[in-house]
Amino acid sequence: MKLIVDNMSCQHCVNTITKAINDIDPKAKVTIDLAKHEVDIEDGTISQEAAIAAINEAGYEFVGISY
């Protein structure tokens, strides 16, 4: 799944969001493109709702889904 997330600008943002997702689903592969504001989550079992909640709880704003 690819999620669009606002307020990401640096490696700290990447680390924080990756940790938030991996705390819920350690098997998830998280790839973040800061230029596109995309968080790509693969190979995991985390639900879209749980991923969005984790991102929001980490202090970032979920904007939408990238297709």
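1. Let's start with strand β1 and its partner β3. In this predicted model, β1 pairs with strand β3 (residues 38–42) in the antiparallel sense, over three bridges. Two of the residues facing each other are easy to find: I4 stands opposite E38 in β3, and L3 has V39 of β3 as its bridge partner.

2. Now look at the other neighbour of β1. Strand β4 (residues 61–65) also pairs with β1 in the antiparallel sense, this time over four bridges. Try I4 again here: its bridge partner in β4 is G64. As background, strands of a sheet pair through backbone hydrogen bonds, either parallel or antiparallel.

3. Step back to see the whole sheet. Four strands form an open sheet in the order β2-β3-β1-β4, with antiparallel pairing. Which strands are at the edges? They are β2 (29–33) and β4, each of which pairs on one side only. Neighbouring strands of this sheet are turned by 30° against each other on average, direction ignored.

4. Follow the side chains along β1 (residues 2–6), and you will see them alternate. L3 and V5 point to one face and are buried, while K2, I4 and D6 point to the other face and are not buried.

5. Next, place the helices on the sheet. Helix α1 lies across β1, β2 and β3, and runs at about 155° to β2. Helix α2 lies across β1, β3 and β4, and runs at about 20° to β1.

6. The helices also pack against each other. Two packed helices are described by the angle between their axes and the distance between the axes. For α1 (residues 11–24) and α2 (residues 48–57), the angle is about 135° and the axes are 9 Å apart. The two helices are therefore oblique to each other, and their crossing is right-handed.

7. What meets what between these helices? From α1 come I17, A20, I21 and I24, and from α2 come A50, A51, A54 and I55. The residues of this contact divide into eight nonpolar, no polar and no charged.

8. Finally, spend a moment on I17, which sits in helix α1. Is I17 buried or exposed? With a relative accessible area of 0%, I17 is buried. Leaving aside neighbours within four places in sequence, I17 is in contact with V5, M8, I32, V39, I55 and Y60. You can also compare I17 with V30: these two are 13 residues apart in sequence and 8.6 Å apart in space, C-alpha to C-alpha.

Definitions and conventions
Residues numbered from 1 in each chain as written. Predicted model: local features only at pLDDT ≥ 70, side-chain atom pairs only at ≥ 80, totals over all residues. Heavy atoms only, no water. Buried < 20%, exposed > 50% of the residue type's maximum accessible area, 1.4 Å probe, protein only. Pairing = 2+ DSSP bridges. Axes fitted to C-alpha atoms, helices over the stretch in contact; angles between N-to-C directions. Parallel < 35°, antiparallel > 145°, perpendicular 65-115°, else oblique. Left-handed = near helix turned anticlockwise from the far one by under 90°. Contact = heavy atoms within 4.5 Å. Nonpolar A, V, L, I, M, F, W, Y, C, P; charged D, E, K, R; others polar.
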